[in-house]
Amino acid sequence: MNLSAIVKPCQLNTYQQGAIYCQYDKNKLCDFSPQVFNSDYWQDKNAIVGSAQGRGTTWFIEHNNQEWVLRHYYRGGLIGKLINDSYFYQGIAKTRAAQEFSLLAKMQQLNLPVPAPVAYQVVRSGLFYHADLLSQRIEKAQDLVAILTSKPLDPKLWQAIGKTIQQFHQQGIYHHDLNAHNVLIDDHEKVWLIDFDRGEQRKINKSWQQANMQRLLRSFHKEKARLPSFYWQAQQWQQLLHGYQS
Ligand SMILES: Nc1ncnc2c1ncn2[C@@H]1O[C@H](COP(=O)(O)OP(=O)(O)O)[C@@H](O)[C@H]1O
Ligand SMILES: [Mg+2]
């Protein structure tokens, strides 16, 4: 049976109260409250099953037999050291969270391998806002950095990674931060891309596509220099490119 045929479409609901604006998929989250964006709420329910440390903490949650990922939007770089999680508000549609949520929904419709969006929240304070996103966890998956610290990948899998990126590029999907932490492989050797903050659908153009690829290549070099063991060499990049170009 075609799996995509049994995936329920997104049923978008809005919740608004005071400074808080949320949208959520009622098919995935029938008992919505803004508490779902609060990690303490899940901690109290004993629903936190793991976490990952990036800019902030990414929480893995289990709820009603579903696995979710909760992430707060944090800034990187120098500005991030001053204003950690505040963004200038220019309307709900322009917020980081609303944009990532709708891009994920669009990519779902295009059958691209990404986490399904579950809900987002935007909280306004004066001219600024902060935001959170809840999305589905890719089950039994690890990111490329985690995998490559312990074992090498088959050439076929390197090609599959390149081919997957190509599928996104064919649909004009630009990833703002394509790096080895944002490529996941599950236990069926399926390749997934995550973390679409500031991504967007663009007019197809070699120059941003090449920029995506160069960023990924830089990230492999960076991890190789940083980690005592990292199973990646120039040859693997050639295998990935082979898949990308085929
Ligand atoms: N949907 C997901 N399914 C499985 N693992 C995830 C998912 N989202 C994030 N992760 C894991 O958590 C890590 C950090 O998440 P990410 O959303 O990329 O946050 P950031 O890069 O801002 O720290 C990822 O590198 C990955 O290992
Ligand atoms: Mg990331």
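Two strands count as paired if DSSP finds at least two bridges between them. Keep that in mind as you work through these exercises on a predicted model.

**Exercise 1. The hairpin of S1 and S2**

Find out in which sense S1 and strand S2 pair, and over how many bridges. Then decide whether S1 is buried or in the open.

Solution.
- Step 1: S2 covers residues 20–25, and S1 pairs with S2 in the antiparallel sense over six bridges.
- Step 2: For one pair of facing residues, look at glutamine 17, which stands opposite isoleucine 20 in S2.
- Step 3: Two residues lie between the strands of this hairpin, and glycine 18 in the turn has a positive phi of about 55 degrees.
- Step 4: A residue needs 20 or more other C-beta atoms within 10 Å of its own to be buried. Of the six residues of S1 (residues 12–17), the number that are buried is zero, so S1 lies largely in the open.

**Exercise 2. S5 and its two partners**

Work out which residue stands opposite tryptophan 59, and which residue in S8 is the bridge partner of arginine 71.

Solution.
- Step 1: Start with strand S4 (residues 57–63), which pairs with S5 in the antiparallel sense over five bridges. Here tryptophan 59 faces leucine 70 in S5.
- Step 2: Now turn to strand S8 (residues 128–136), which runs antiparallel to S5 and is joined to it by five bridges. Arginine 71 has leucine 133 as its bridge partner in S8.

**Exercise 3. Two residues with positive phi**

Find where asparagine 64 and arginine 198 lie, and say what is notable about phi in asparagine 64 and in arginine 198.

Solution.
- Step 1: Here is the background: most residues other than glycine have a negative phi.
- Step 2: Asparagine 64 sits in the loop between S4 and S5, and its phi is near 45 degrees, a positive value in a residue other than glycine. With 10 C-beta neighbours inside 10 Å, asparagine 64 counts as exposed.
- Step 3: Arginine 198 lies in the loop between strand S12 (191–193) and strand S13 (200–201). Its phi, near 70 degrees, is also positive in a residue other than glycine. Because arginine 198 has 13 C-beta neighbours inside 10 Å, it counts as partly exposed.

**Exercise 4. The sides of helix H7**

Check whether the span of H7 agrees with its number of residues, then sort out which residues of H7 are buried and which are exposed.

Solution.
- Step 1: H7 (residues 206–226) has 21 residues, so at 1.5 Å a residue it should span 30 Å; its end C-alpha atoms are 30 Å apart, which agrees.
- Step 2: Gln209, Leu216, Ser219 and Phe220 are the buried residues of H7. They cover an arc of only 100 degrees around the axis, so they lie on the same side of H7.
- Step 3: Lys206, Ser207, Gln210, Gln214, Ala225 and Arg226 are exposed on the other side of H7.

**Exercise 5. Around ligand 1**

Find how many residues surround ligand 1, and explain why ligand 1 lies between domain 1 and domain 2.

Solution.
- Step 1: The shell holds 17 residues, and the closest are Ala52, Gly54, Pro115, Ile138 and Asp195. Strand S5 (66–72) and strand S9 (141–143) are the elements that give two or more residues to this shell.
- Step 2: By type, the shell residues divide into seven nonpolar, five polar and five charged.
- Step 3: Domain 1 (10–136) and domain 2 (141–245) both give residues to the shell, so ligand 1 lies between them.

Notes:
Residues numbered from 1 in each chain as written. Chains lettered and ligands numbered in written order. Predicted model: local features only at pLDDT ≥ 70, side-chain atom pairs only at ≥ 80, totals over all residues. Near = placed C-beta within 6 Å. Helix = DSSP H or I, 4+ residues; strand = E, 2+ residues; numbered from the N terminus. Nonpolar A, V, L, I, M, F, W, Y, C, P; charged D, E, K, R; others polar. Domains from an automatic or database assignment. Buried ≥ 20, exposed ≤ 12 C-beta atoms within 10 Å, placed from the backbone. Expected span 1.5 Å × (residues − 1). Arc of directions from axis to C-beta.
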